[in-house]
Amino acid sequence: VWLATPAVSASLLFPFAYFRSTHLLTPFSLSLIPFSLSLIPFSACEISRLIASFGLLSVLASARWAGLHLHDWMKDRIKLNVGGRIFETTTTTLANAGRNSLFGAMFDDQWNPRGPMDGGQNEYFIDRNPACFSVLLDLLRTGELHIPANLPEHLLYREALYYGLLDHVRAAKWGEFDGNRVKLATSVRGRAPGDGTAIRAGPDGGCVVAHGSMVHVYSWTMEQLPPLNLNYQRINDMGFVDAHRVAVCACERIDRGDGGMGMFNSSTGELLYKFQVSHENQPKSFSAGALSFSPESGQIFASCRGRSNEYGIGVWDGYTGKQTDFYYETAGWSIGDSGRLQCLPTTNLLFVATLYPRTENCYIQLLDFREKKAVWSWSDVGWPATIDEKMVLDAIVMEDGNSICVVNQYDDLGFMDLRSNGGSVRWSTRSRLLKMGNADERCYPKLATHGGQLFASTNDSISVFCGPDWVLTSRLRRSHGGSICDFSIGGDRLFVLHNEEDVFDVWETPPLRALS
C-alpha cells in the first residue's frame, strides 16, 4: 500500500536515486538514507528487493545507516551444501534455530561465521539428507512444518535431532491441548495383546504403557525405548517424575521381597534406585499402589500395603529416593488400597480415594501431612442398599480445588462440594446420553481434568465437558480398538489405551495456523 503511489516510492528512494544520477555520496544523501528507510514498514529483506527493483543495488555496497553496514547486510546471505544440494538462506533464518542447535555452534554471538567456508566455494558443506533439510529449513523460515508424504517421519526426526531442532519440530506438530479441537494423530500397536492395563502421559509428549509386569516406554516421536520392570512383578501404577525419570509401582512377591517401587531412567531403562519403607527403623517389603507427585516440594507419594503394619501412604524425596514420612491408615479407612492419589497445588494436601473394585466401599479423604490428619472425608458406608445402588468407580479433584467429581457404574457424573465436610453427591445423568459402540468387554470409566475441561471415558469414547455447569461439548471416538481401559493427558497430548486390542491412540490439537 505504501509503495502503490509512484510519488511516495520516489520520495522514499530519493537519496538512492540522487546517488545513482550524480555518482556522489554526499553527506546530504547519506543523512536522508536512514530517514527514508525508517518510513518503509518492511523488513530488511523486503527493502533489499525493493531497492533492487529500482536498479540501486550499487548503493548498498557503500552506504550505511543506523549503525548497520549495508555490506554486512548483504553478507547475511549464506549458502549451505547439504548432501550435494545447494540451499541459500540467511543467518537471520538460521538464528531461529537457537544457540543450542548445530547452527548456533557454526556462528558467533552476532551470528557471523566462526571459521572459513569449505574449499573456497563460499558455502558450508553438511553431509546430511537434503530432503529432510529442506523441510527443516522451511520450518525455520515460516514456523510451519510440512512433511511430504514420501518422507518417513522417523527419518525427519533423526535429522532434526542432528541439527538440534527436535523441540522446533515438536512445537510445530501440535498446539496447546484443547479437548474440543483435538484430532486423532496416530495409533500405536504394542506387543502384548489384551494385556494393557494403564497408560501415563509424559511432560514432553511421550508416554508409558503398563502390560502386566512390563512398562513400555515411548518417546514423543513414538519410538519405543527400553522397557522397565521390577523383578517382573505386576505393575500397579507408574508415572513420569520429570522428562527423564519414571517411577514404577509393583506388587510384592511373597517371601522374596521383590516388587515395591523403583525409579528408572526413561531413556535407557536403567534402575536408578528402589524406594524403601521402614517401620520402627526396620526396612519392610511392600506392594506399592497408586502414585502422585508434588512438583512444588519434589515429593513422591504412593499407597502401600505390607504384611506387618505398612498400610497407608508413603512419602519419599523425589531426588534422593529416601523415605521422609508415612501416614498410617486409621481404623475404618482403607487408604493403603487407594487407587487414586492427587496432590493439590499450593495447599500441601493429598487427595486419597479408595474405590471399587479394590474395596466394596468407597473412601475419599484430603490428608494434611503437616498436621497428620484428614481435613475432609467422605464414604458411601451406610448408604441404603437398593437395586440402583451407585458404586463410585473413579474420583478426581476439579482444577478449582473446590469440588470433587465422581463417576459410577451407570456412567453418571456426580459432584461433591469440598467446602462442606462429608456432603452428599449431586448426581447427573447427562453422561448417559453418551453411551455408544458395541464393545464386547466393558471397562470401568475414568476421569481427568485439563485446562478447565473435564474428560470422562465411557465404553469406547471419551466425553468432554466444559463450563460452570459441565455441559457436554465434544465426544472423541475412533472406529475400532474396543473399550477404553485408561487414558492420560500430558505434553499437550491425549493418550487412549484400548482393552480389546493392544493399541493406544494419540490425539493432538492442530496448531492454530494449520486450521486457517
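Modeller: Before we start on strands 8 and 9: two strands pair if DSSP finds at least two bridges between them. Helices (H or I, at least four residues) and strands (E, at least two) are themselves DSSP runs, numbered from the N terminus.

Biologist: And what sort of model is this, and how are its residues numbered?

Modeller: It's a predicted model, with residues numbered from 1 along each chain as its sequence is written. Local features need pLDDT of at least 70 and side-chain atom pairs count only at pLDDT 80 or more, while totals for chains, interfaces and linings use all residues; side-chain values use heavy atoms, with hydrogens and water left out.

Biologist: Okay, what makes strand 8 and strand 9 a pair?

Modeller: Strand 8 (residues 207-211) and strand 9 (residues 214-218) share five bridges in the antiparallel sense, and the rule asks for at least two, so they pair. V208, for example, has V217 in strand 9 as its bridge partner.

Biologist: Which sheet do they belong to, and why do strand 7 and strand 10 count as its edges?

Modeller: The sheet is open, with four strands in the order 7-8-9-10 and antiparallel pairing. Strand 7 (196-201) and strand 10 (224-228) each have a single partner strand, so one side of each has no neighbour in the sheet. Neighbouring strands here are turned by 20° against each other on average, direction ignored.

Biologist: What about the sheet that holds strand 21?

Modeller: That one is open as well, four strands in the order 21-22-23-24 with antiparallel pairing. Strand 21 (340-344) and strand 24 (373-379) are the edges: each has a single partner strand, so one side of each lacks a neighbour in the sheet. From one strand to the next, the twist averages 15°. Strand 21 is joined to strand 22 (residues 349-354) by five antiparallel bridges, and R340 sits opposite A353.

Biologist: Now strand 34. Why is it described as largely enclosed?

Modeller: The word to pin down is buried: under 20% relative accessible area, with exposed over 50% and partly exposed in between (1.4 Å probe, protein chains only). Six of the six residues of strand 34 (residues 493-498) fall in the buried class, so the rest of the structure largely encloses the strand. R493, F495 and L497 point one way, L494, V496 and H498 the other, and all are buried.

Biologist: Which strands does strand 34 pair with?

Modeller: Strand 33 (residues 484-490) runs antiparallel to strand 34 and is joined to it by six bridges, with F487 opposite V496. Two residues lie between these strands in their hairpin, where G491 takes a positive phi near 60°. Strand 35 (residues 503-508) also pairs with strand 34, over five bridges in the antiparallel sense; there F504 is the bridge partner of L497.

Biologist: F504 lies how far from G190?

Modeller: C-alpha to C-alpha, 8.1 Å in space, though they are 314 residues apart in sequence. G190 is in the loop between strand 6 (183-189) and strand 7.

Biologist: Why is G190 called partly exposed?

Modeller: Its relative accessible area is 24%, and that lies between the 20% and 50% limits, so "partly exposed" is the label. Contact means heavy atoms within 4.5 Å; leaving aside neighbours within four places in sequence, G190 touches Y218 and D502 that way.

Biologist: Over to helices. Why is helix 9 called roughly perpendicular to helix 11?

Modeller: Axes are lines fitted to C-alpha atoms, for helices over the stretch in contact, and angles run from 0 to 180 degrees between N-to-C directions. Under 35 degrees is roughly parallel, over 145 roughly antiparallel, 65 to 115 roughly perpendicular, and the rest oblique. These axes come within 11 Å and cross at roughly 70°, so helix 9 is roughly perpendicular to helix 11.

Biologist: What meets what there, and what makes the contact nonpolar or polar?

Modeller: L136, L139 and L140 in helix 9 meet H168, V169 and A172 in helix 11. The contact residues divide into five nonpolar, one polar and no charged, where Ala, Val, Leu, Ile, Met, Phe, Trp, Tyr, Cys and Pro count as nonpolar, Asp, Glu, Lys and Arg as charged, and the others, Gly among them, as polar.

Biologist: Where does helix 10 fit in?

Modeller: The buried residues of helix 10 (residues 153-163) are L155, L156, Y157, E159, A160 and Y163. They pack against elements including helix 9 (130-142) and helix 11 (166-173). G164 follows helix 10, with a positive phi near 75°.
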